[in-house]
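Please guide a reader who is new to this structure through its main features, in running paragraphs and in a formal tone.

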Amino acid sequence: MNKKVLVLSASPRKGGNSDTLCDQFMMGNREAEHETEKIFLRNKKINYCTGCGNCFNGEKSCPQKDDMTEILEKIISADVIVMATPVYFYTMCAQMKTLIDRTCARYSEIRNKEFYFVLTAADNNKRAMDRTLEEFRGFTLCLSGAKEKGIIYGTGAWNIGDIKGSQAMKQAYEMGKNI
Ligand SMILES: Cc1cc2nc3c(=O)[nH]c(=O)nc-3n(C[C@H](O)[C@H](O)[C@H](O)COP(=O)(O)O)c2cc1C
C-alpha cells in the first residue's frame, strides 16, 4: 500500500546532518513509490504556544495565524510522520519543541500515525540520544494509536556533511524504502 509520508525537518542548518538523513529517508520512500513531502521548519513561521486556553477551554481554534495551520492539516492527513532534530544540549532543538507545543489545538486528531525519529549529535554514543528520544515519546504518548516504527541514530556528526558516508545514511534510505 502506498503511504503518505510527511517529514518534519527541524534543524536550523540548511543541508545539515539531520536534514541530509531526511533526504535519504525520502529517497527510500520514492523508491518504494510512497508519496513523500518535507517541511523544513526553518522556512516556516511557527510562533510559540502561549497556553491561552482557547483550544482546551471549548473554543477550539488556535487564535494564532501562522504557518502552523497548514502544517497541522498535513500532519493530520499523513499516514507516516518523520520527526528529525539535532541534539542540542542533550534535548531536541527549539524549533521541533515549538512545533510539538503548537499541535495543542488539534493533537486529538493526530490518530493512528506511524512515527519515525531521526536524531543527529556530535556524540559518538547513541545512548546520548536517549533523552531526546524520550521527549519525542512524550509527544506520541499523548496521541491516539501512535506507533513508533523506527529510529535513525546519526551519531558522531558535528559539522555539516559529517554524516555523509555513515551507516545512518544507508539505514535512513533502507528504512524509508521499507515503511
Ligand atoms: C546549540 C548546540 C547544542 C549542541 N548540543 C549538543 C549536545 O548536547 N550533544 C551533542 O552530541 N552534540 C551537540 N551539538 C552538536 C549537534 O548535535 C551536531 O552538530 C548535529 O550534527 C547537528 O545536526 P544538524 O546538522 O542536523 O543541525 C550541539 C550543537 C549546537 C549548535
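Met-129 is placed in the loop between strand E5 and helix H4, the latter spanning residues 130-140. The model in which this loop appears is a predicted one. Although Met-129 belongs to a loop, the residue is buried, and its relative accessible area is 0%. Buried here means a relative accessible area under 20%, so Met-129, at 0%, falls into that class. Along the chain, Met-129 is separated from Ala-32 by 97 residues. In space, the C-alpha atoms of Met-129 and Ala-32 are 29 Å apart.

Strand E5 itself covers residues 114-120, and Leu-119 is found in it. Leu-119 is likewise a buried residue, with a relative accessible area of 0%. Its distance to Val-80 can be given in two ways: 39 residues in sequence, and 17 Å in space from C-alpha to C-alpha.

The loop between helix H1 and strand E2 offers a further set of positions. Strand E2 comprises residues 35-40, and His-34 lies in the loop between H1 and this strand. His-34 has a relative accessible area of 10%; because the limit for a buried residue is under 20%, His-34 counts as buried. The side chain of His-34 also reaches the backbone nitrogen of Lys-3, at 2.9 Å.

Glu-33 has its place in the loop between H1 and E2 as well. Is Glu-33 buried or exposed? With 58% relative accessibility, Glu-33 counts as exposed, since the class of exposed residues begins over 50%. The backbone of Glu-33 deserves attention too: its phi is positive, at about 65 degrees, although Glu-33 is not a glycine.

A positive phi is also found at Tyr-90, which is not a glycine; the angle there is about 60 degrees. Tyr-90 sits in the loop between strand E3 and strand E4, and E4 consists of residues 91-92. The relative accessible area of Tyr-90 is 39%, and the residue is therefore partly exposed, a class that lies between the limits of 20% and 50%.

The description now turns to the ligand. The space that the ligand takes is the largest pocket. Around the ligand stand 16 residues, and the closest are Ser-11, Asn-17, Ser-18, Ala-157 and Trp-158. By character, the residues of this shell divide into nine nonpolar, five polar and two charged.

Which elements of secondary structure each supply at least two residues of the shell? They are helix H1, formed by residues 17-31, and strand E3, formed by residues 80-88. The largest share, three residues, comes from E3.

Several polar contacts join the protein to oxygen atoms of the ligand. In the side chain of Thr-120, an N or O atom is 2.9 Å from an oxygen atom of the ligand. Ala-122 takes part through its backbone, where an N or O atom lies 3.1 Å from a ligand oxygen atom. A backbone N or O atom of Ala-157 lies 2.6 Å from an oxygen atom of the ligand. Taken alone, the ligand exposes 630 Å², and the protein buries 84% of that area.

How values were computed:
Residues are numbered from 1 along each chain as its sequence is written. This is a predicted model: local features need pLDDT of at least 70, side-chain atom pairs count only at pLDDT 80 or more; totals for chains, interfaces and linings use all residues. Side-chain values use heavy atoms; hydrogens and water are left out. A residue is near a molecule or strand if one of its heavy atoms lies within 4 Å of it. A polar contact is a pair of N or O atoms within 3.5 Å; within protein, one must be able to donate a hydrogen and the other to accept it, and residues adjacent in sequence count only if both atoms are side-chain atoms. Accessible areas come from the Shrake-Rupley method with a 1.4 Å probe; for residues, only the protein chains shown count as cover. On a 1 Å grid over the protein atoms alone, a cavity is a set of points where a 1.4 Å probe fits but cannot get out, and a pocket is an open set with protein on both sides within 12 Å along at least five of seven lines; lining residues have an atom within 4 Å of a point. A molecule sits in a cavity or pocket if more than half of its atoms lie within 2 Å of its grid points. Helices (H or I, at least four residues) and strands (E, at least two) are DSSP runs, numbered from the N terminus. Ala, Val, Leu, Ile, Met, Phe, Trp, Tyr, Cys and Pro count as nonpolar, Asp, Glu, Lys and Arg as charged, and the others, Gly among them, as polar. Buried means under 20% relative accessible area, exposed over 50%, partly exposed in between (1.4 Å probe, protein chains only).
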